[in-house]
Protein chains: 2
Amino acid sequence: MPDAADPAAMTARRKFRREGEERRRQDLIEATLDSVAEHGLQGASLRTIALRAGVTAGLIRHYFPGKEELLQEAYTALVGRMTEQAKAALAVEDASPRQRLAAFVAANLNAPIVDARVFSLWATFLGRANADPTLARAHREGYLGFRNEVEAVVAEVLAAERRKPDESELRRHAIAINAIIDGLWIEGCLAAEMFSPGELAAIGIKAIEAELGLAPEKQFRET
Amino acid sequence: MPDAADPAAMTARRKFRREGEERRRQDLIEATLDSVAEHGLQGASLRTIALRAGVTAGLIRHYFPGKEELLQEAYTALVGRMTEQAKAALAVEDASPRQRLAAFVAANLNAPIVDARVFSLWATFLGRANADPTLARAHREGYLGFRNEVEAVVAEVLAAERRKPDESELRRHAIAINAIIDGLWIEGCLAAEMFSPGELAAIGIKAIEAELGLAPEKQFRET
DNA sequence: CGGCTATTTATACACTTGCACAATAAGCCT
DNA sequence: AGGCTTATTGTGCAAGTGTATAAATAGCCG
């Protein structure tokens, strides 16, 4: 028991609250992403992460076998969130395939997906994909899922135009459209101030319609 | 003087050669890029870099004020090399604007520009662009230079087709084409085995011709 | 050949890192 | 209320970090 007369024993142990397991893991992952986004992988030490999450460093070992696993789970969570947001834009009701495609593109080329922090995370983790197969796999899965979504919408759009593309043509369109979205996304993230609001989406939609050989259509009135 | 009878004095000092200043700086920069590509920024310690360059860690301080400056110079060198290679493809003689554009795209979507190591470096450094304005500026300059090249060729191509685009249209095309190349480049770097040789270039050229509204042309016979 | 200079090595230092582990207390269960 | 589990803290440690600086030697100049 601490003796009040002994100065060295005056240092009180920090108060804490027990949180649910899932909540703590989530907080730690979020703190990890914040740290990586701000200072890169090198600046994301266990102590920094723990400080941000409001706990002490030792606790991390209680939830994750080591730092590497924490980083992997954080990246997986990031990829999951990104693709989830992107796909959500496809779920608009009462819309033509072409409108849904346009909405999908617009969603991917505006905030919150176009975001410097997200880009920083994406780039930082992907830079290690060469060396870390787990990261490479997480990316690959996210990418393929995304491209499949694109391919599905493209098929619908072309079907609505009474066109019947073969498999390889569909694949080519999906690859190209994916590239257009990715490329514009990067440009927007890295230099948001160079583009007026909505400009990237407009460029993207036009480029994609050209790729698909769609006749230019009158503008929709959108908010 | 070392005494042969004293075991502690037996440790011989390492032999070395004096190299020219420029050569040493170049070697150190190369070793830095190799280290970063292989182990990321966190794994690129001064000792690792020095070992790879065949010198000891202390020497780095003789050529660079600190680690940060070494990394910045390394990234600048990387960007310079990339854009230089890309632009070189534009310098083909006796070719129509359209052929030059196609050659430019093909050069950017094949080895050695499509390369996992280069991508790893690109991503790793860009992940820190948010935090490090020097890196951000190095990227910005490389990007704008690249886009200006694109814009210039596009202008030539359209002029050859007797079309007179206004400034904003030219800008839109350049942004879109840049995005197509970037996006396909990334896909190729991250998953080279998913594409057959030349496939990315073919997809890119087709997409760009669609963007510019060029009529499909007969294939050139190329090696 | 003998000295000079600046390139290069080697060592020291203060600090941070990831991880291991013992000590502690929060909060559920009975 | 009181005990038990276990989530959480705090401390320690060996390895590695960037930087500073002293010591050594390679190679040019006379």
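In helix α2 of chain A, A:Ile49, A:Ala50 and A:Ala53 are buried (under 20% relative accessible area, with exposed over 50% and partly exposed in between, for a 1.4 Å probe and protein chains only). They cover an arc of only 95° around the axis, which puts them on the same side of α2(A); the arc is taken from the directions from the helix axis to the C-beta atoms. This is a predicted model, in which local features need pLDDT of at least 70 and side-chain atom pairs count only at pLDDT 80 or more, while totals for chains, interfaces and linings use all residues. Residues are numbered from 1 along each chain as its sequence is written, chains are lettered from A and ligands numbered from 1 in the order in which they are written, and side-chain values use heavy atoms, without hydrogens and water.

**Helix α2 of chain A**

- The buried residues of α2(A) pack against α1 (21–43), α3 (60–63) and α4 (67–88) of chain A, where contact means heavy atoms within 4.5 Å.
- Helices are DSSP runs of H or I with at least four residues, numbered from the N terminus.
- A:Arg47 and A:Leu51 are exposed, on the face of α2(A) turned away from its buried side.
- A:Gly54, just after α2(A), has a positive phi of about 80°.

**DNA strand C**

- A polar side-chain atom of A:Arg47 lies 2.8 Å from a base nitrogen of DNA strand C (a polar contact is a pair of N or O atoms within 3.5 Å).
- Phosphate oxygens of the strand lie 3.2 Å from a side-chain N or O atom of A:Ser45 and 2.8 Å from one of B:Thr56.
- The strand is surrounded by 26 residues, the closest being A:Arg61, A:Lys67, B:Arg18, B:His62 and B:Tyr63; a residue is near the strand if one of its heavy atoms lies within 4 Å.
- Of the strand atoms within 4 Å of the protein, 64% belong to sugar or phosphate and the rest to bases.

**Aromatic pairs**

- There are ten aromatic pairs over all chains, counting rings of Phe, Tyr and Trp (its six-membered ring) with centres within 6.5 Å; planes under 30 degrees apart are stacked, over 60 edge-to-face and the rest tilted.
- The rings of A:Phe119 and A:Trp185 have centres 5.7 Å apart and planes at 55°, so the pair is tilted.
- This pair links helix α6 (residues 116–127) and helix α8 (residues 167–190) of chain A, 66 residues apart.
- A:Phe119 and A:Trp185 are both buried, and they form one aromatic cluster with A:Trp122.

Notes: Helix = DSSP H or I, 4+ residues; strand = E, 2+ residues; numbered from the N terminus. Polar contact = N/O pair within 3.5 Å; in protein donor to acceptor, adjacent residues only side chain to side chain.
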